[in-house]
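Open the model in a viewer and keep the sequence panel visible. The stops below are given as selections, each followed by what is found there.

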Amino acid sequence: MKKSHGPAFRKELKPLMECAACRGTGVIRGVFHQLDCTRCHGSGWVCQATGEALPLEELVPQLNMKLRNMAADLNRARHGQGDAQLQYEQNNRRGAGGSNFTGD
Ligand SMILES: [Zn+2]
């Protein structure tokens, strides 16, 4: 019996696509209520190459990477502008201490 042991595969981002069965929502509309989509484990995503759901232990880190990438993109887009402005925000305090004349 062959057993793959240890870190045989690197964690890398696999192309995912919306699950066709639930259209990416992760749920199927039943007659009376919504059911978890069994095709994609309720994630809404399936492997683009095979069209099959990834096993959960693989799906979760994949979704994590995807989410992190998207969050990073969003962050970049937000900070792309107006970032320099913050740096120029400085105290322009005038007054005491500037010219401290003590006549005697
Ligand atoms: Zn699905």
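Select R23 first: this residue of the predicted model sits in the loop between β1 and β2 (27-29). Its phi is positive, about 55 degrees, although R23 is not a glycine. Most residues other than glycine have a negative phi. R23 counts as exposed because 12 other C-beta atoms lie within 10 Å, and the class takes in counts of 12 or fewer.

Next, select H41, in the loop between β3 (34-36) and β4. H41 also has a positive phi, about 60 degrees, and is not a glycine. Is H41 buried, exposed or partly exposed? With 18 other C-beta atoms within 10 Å, H41 is partly exposed.

Now zoom out and colour by secondary structure. The protein has 2 helices and 4 strands, and from the N terminus the order is β-β-β-β-α-α. Of its 104 residues, 10% are buried. Among contacts with a separation of 6 or more, 31% join residues 24 or more positions apart.

For the interior, select L16, C19, C22, C37, C40, W45, V46, A53 and L54. These 9 residues form the largest nonpolar core. Keep L16 highlighted and show its surroundings: leaving aside residues up to four places away in sequence, L16 touches W45, V46, C47, Q48, Q62 and K66. Of these partners, W45 and V46 are themselves listed in the core.

Move on to helix α1, residues 56-79. How far apart are its end C-alpha atoms? They are 34 Å apart, which agrees with the 34 Å that 24 residues should span at 1.5 Å a residue. Helix α1 is hardly covered, and the count of buried residues in it is 0.

Then select E12, in the segment before β1 (16-18), together with M65. The two are 53 residues apart in sequence, while their C-alpha atoms are 8.6 Å apart in space. E12 is exposed, since it has 8 other C-beta atoms within 10 Å.

Finish by colouring by pLDDT. The average for the protein is 81, and 68% of the residues score at least 70. Among the elements, strand β4 (residues 45-47) has the highest mean, 96, and helix α2 (residues 83-87) the lowest, 54. Where pLDDT is low, the predicted coordinates should not be read in detail.

Key: Residues are numbered from 1 along each chain as its sequence is written. This is a predicted model: local features need pLDDT of at least 70, side-chain atom pairs count only at pLDDT 80 or more; totals for chains, interfaces and linings use all residues. A residue is buried if 20 or more other C-beta atoms lie within 10 Å of its own, exposed if 12 or fewer, and partly exposed in between; C-beta atoms are placed from the backbone. Two residues are in contact if their C-beta atoms, placed from the backbone, lie within 7 Å. pLDDT is the predictor's confidence in each residue, from 0 to 100. A nonpolar core is a set of buried Ala, Val, Leu, Ile, Met, Phe, Trp, Tyr and Cys residues joined through C-beta atoms within 7 Å. The expected span of a helix is 1.5 Å times one less than its number of residues.
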